[in-house]
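I have opened a fresh notebook page for a structure that is new to me. Come along as I look things up one at a time.

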Amino acid sequence: MKQAEPLVPYTYAYVKAPAPTYRSPEEALNGGAPRRVFPAGYVWVSVHGRVEAGGKVFYQINPDEYIDAAYLAFGAPSTFQGVVFSEPPSRPFGWIVQATRPSTAPGRAPDPQAPLLARYTRITVEETREIGDQVWYRVGPDQWVKAQAVGLVFPTRRPEGIPSGVKWIEVNLSEQTLAAYEGDRLVFATLISSGRPRTPTVTGLYRIQVKVRATRMDGNIFGYYYLEDVPWTMFFYQGYALHGTYWHDRFGFPQSRGCVNLSPRDARWLYEWAEPYGDRPLVRATPDNPGTYVWVHR
């Protein structure tokens, strides 16, 4: 039996900083100088090996770099994934992003007898109503949910500026969804996490410039962050990218410092589908191998 592909290319762990690293476990045990000290912040590393020495456990996180196991907390990447279409849907659809019990009619309180619609439940919009300033969607017989409980995709045609017949990606910041098209045919859709209010994602029409199989991201934007081996990353404008996210499972809500976060499975699918094509760890767009269009809007 063929083994399933791993969810992510590495094992990842959160660092309970400040945390020192050493060139070897022996240096740590003998009181040697740290190779570096991770400052307090949001720090994740990829783990490549485990060593026991002096009655303690150390993990290798880079060549000649080890950290005491006490500083690490291993993560569990999200298993959420979007949907690939052979027949594109004609109606708006999406996912429940806040677990909710539907109401029997728009504007009413949730029905206590109704089954709970769990987070990430896929739904199709059968009808839309506005009650005051609140939008309601009917997602089943006598099942109405508020707009803020869902992230929706509205099948559409390519915007001005995108030629016919090419691949393009729509990122809807209001809905926190992404849709991939080939011409005017929807082929894939999912939930995303875009930039938070203080670090918003740029809007406009762009093209993927660089694809990197795994890359480090770090900075000090409203707090220090350091993320090793961010998988399936596609830069479309300066430091803004579509990329896999192993450190949270909050898709459907803004979470990032500006990038478009995708679940690992979704990021890999999109990375392999999108242009520029190439098998190298880093692929740059060229006139002969241009990048896929990315349309980001609210």
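Before I start on the sheet, one definition: two strands pair if DSSP finds at least two bridges between them. I also note that what I have here is a predicted model.

**Entry: a small set of strands**

I looked up how E10 and E15 go together. Strand E10 covers residues 93-96, and it pairs with E15 in the antiparallel sense over four bridges. Four bridges satisfy the cut-off of at least two, so I can call this a pair. Within it, I found Phe93 opposite Val153 of E15.

Next I asked myself in what order the strands of this open sheet run. The order is E11-E10-E15, three strands with antiparallel pairing. At the edges I wrote down strand E11 (122-124) and strand E15 (150-153), each of which pairs on one side only. From one strand to the next, the twist averages 30°.

**Entry: the largest nonpolar core**

Which residues touch the most other members of the largest nonpolar core? My list reads Ile169, Val171, Leu178, Phe236, Leu242, Leu270 and Val294, out of 24 residues in that core. I then checked which elements give two or more residues to this core; among them are strand E16 (167-172), strand E17 (177-182), strand E21 (224-237) and helix H2 (264-273). H2 supplies the largest share, four residues.

I spent a little longer on Leu242. Leaving aside residues up to four places away in sequence, Leu242 touches Ile169, Val171, Leu178, Trp232, Thr233, Met234, Phe236, Val260, Leu262, Leu270 and Val294. Apart from this core lies another, of 18 residues, including Tyr120, Trp168, Phe251 and Tyr293.

**Entry: Glu65**

Is Glu65 buried or exposed? Its relative accessible area is 2%, and buried means under 20%, so Glu65 counts as buried. I placed Glu65 in strand E7 (residues 65-68). Its side chain makes a polar contact with the side chain of Thr21, at 2.8 Å. Not counting residues up to four places away in sequence, Glu65 touches Thr21, Tyr22, Arg23, Arg35, Arg36, Tyr59 and Gln60.

**Entry: backbone oddities**

Here is why I went looking for these: most residues other than glycine have a negative phi, and most peptide bonds are trans.

I began with the cis bonds. One joins Ala17 and Pro18, with omega about 5°. I found Pro18 in the loop between strand E1 (11-15) and strand E2 (19-21). Another cis peptide bond joins Glu275 and Pro276, with omega about 10°. Pro276 sits in the loop between H2 and strand E24 (282-284), and H2 is the helix I met in the core entry.

Then I turned to positive phi values. Phe222 has a phi near 50° and lies in the loop between strand E20 (210-220) and E21. Gln238 has a phi near 45°, and its loop runs between E21 and strand E22 (240-244).

How accessible are these two residues, exposed or only partly exposed? Phe222 has a relative accessibility of 48%, so it counts as partly exposed, since exposed means over 50%. Gln238, with 57%, is over that cut-off and is therefore exposed.

Definitions and conventions:
Residues are numbered from 1 along each chain as its sequence is written. This is a predicted model: local features need pLDDT of at least 70, side-chain atom pairs count only at pLDDT 80 or more; totals for chains, interfaces and linings use all residues. Side-chain values use heavy atoms; hydrogens and water are left out. A nonpolar core is a set of buried Ala, Val, Leu, Ile, Met, Phe, Trp, Tyr and Cys residues joined through side-chain atoms within 4.5 Å. Buried means under 20% relative accessible area, exposed over 50%, partly exposed in between (1.4 Å probe, protein chains only). Contact means heavy atoms within 4.5 Å. A polar contact is a pair of N or O atoms within 3.5 Å; within protein, one must be able to donate a hydrogen and the other to accept it, and residues adjacent in sequence count only if both atoms are side-chain atoms. Axes are lines fitted to C-alpha atoms, for helices over the stretch in contact, and angles run from 0 to 180 degrees between N-to-C directions.
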